[in-house]
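Colleague: Thanks for making time for me. Could you walk me through this model, starting with the charged side chains?

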Amino acid sequence: LAIPIDSVVGQNDPETRRYPTQYQRWGRFGSGVRLHVLPGASHYFINSHADELAAAIIRRAEEQ
């Protein structure tokens, strides 16, 4: 796909603890990949960090 991919992870998520190197693998599926780490967030950050997630999405959309 000719689209950018954004990987969003929670800083305290044990499922994504290897994100600093692993997120780059998504780059083969798009035109580039960017990592967003939500400070203090765990795996289910949609409720606890919704504002930070929305801000990351809005920033990325404004760049396009």
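Modeller: Happy to! One definition to begin with: helices here are DSSP runs of H or I with at least four residues, numbered from the N terminus. Please also keep in mind that this is a predicted model.

Colleague: With that in hand, which helix holds both Arg-60 and Glu-63?

Modeller: The two residues sit three apart, about one turn of the helix. Their side chains also meet in a salt bridge, at 3.6 Å from N to O. The element that holds both is helix 3.

Colleague: Let me step back to the whole chain for a moment. What pattern does the protein chain follow along the sequence?

Modeller: The protein chain has three helices and two strands. Its C-alpha atoms fill a box of roughly 30 × 25 × 15 Å along the principal axes. Read along the sequence, the pattern is β-α-β-α-α.

Colleague: Now the acidic partner in strand 1. How many residues apart in sequence are the parts tied together by Arg-60 and Asp-6?

Modeller: The side chains of Arg-60 and Asp-6 form a salt bridge, 2.8 Å from N to O. Arg-60 lies in helix 3 (residues 50-63) and Asp-6 in strand 1, so the pair ties together parts whose separation in sequence is 54 residues.

Colleague: Is Arg-60 buried or exposed?

Modeller: The cut-off for buried is under 20% relative accessible area. Arg-60 has a relative accessible area of 14%. Its partner Asp-6, at 27%, is partly exposed, whereas Arg-60 is buried.

Colleague: Glu-63 seems to have another partner too. Which strand holds Arg-34?

Modeller: Glu-63 forms a salt bridge with Arg-34, with the closest N and O atoms 2.7 Å apart. This pair links distant parts of the chain, 29 residues apart, with Glu-63 in helix 3. Arg-34, for its part, lies in strand 2 (residues 32-38).

Colleague: Why does Glu-63 count as partly exposed?

Modeller: Partly exposed covers what falls between the buried limit of 20% and the exposed limit of 50%. Arg-34 is also partly exposed, with a relative accessible area of 32%. Glu-63 counts as partly exposed because its relative accessibility is 47%.

Colleague: Let me put these pairs together. Which residues are linked in a network of salt bridges?

Modeller: Side chains of opposite charge can pair when their charged atoms come close. The structure holds three salt bridges. The residues linked in the network are Asp-6, Arg-34, Arg-60 and Glu-63.

Colleague: And away from that network, which residues gather in a patch of positive charge on the surface?

Modeller: One member is Arg-17, in the loop between strand 1 (4-10) and helix 1 (19-22). Arg-17 is exposed, with a relative accessible area of 57%. The full patch consists of Arg-17, Arg-18, Arg-25 and Arg-28.

Colleague: One last thing, on charge across the chain. How far apart are the mean positions of the positive and negative charges?

Modeller: The protein chain carries 7 positive and 7 negative charges. Taking the mean position of each set, the separation is 12 Å.

Conventions:
Residues numbered from 1 in each chain as written. Predicted model: local features only at pLDDT ≥ 70, side-chain atom pairs only at ≥ 80, totals over all residues. Heavy atoms only, no water. Patch = residues over 30% accessible without salt bridge, like charges linked within 9 Å, V, L, I, M, F, W, Y side chains within 5 Å. Areas by Shrake-Rupley, 256 points an atom, 1.4 Å probe, with all protein chains shown as cover. Salt bridge = Lys/Arg side-chain N within 4 Å of Asp/Glu carboxyl O. Lys, Arg positive; Asp, Glu negative; His and termini not counted. Charge placed at Lys NZ, Arg CZ, Asp CG, Glu CD. Buried < 20%, exposed > 50% of the residue type's maximum accessible area, 1.4 Å probe, protein only.
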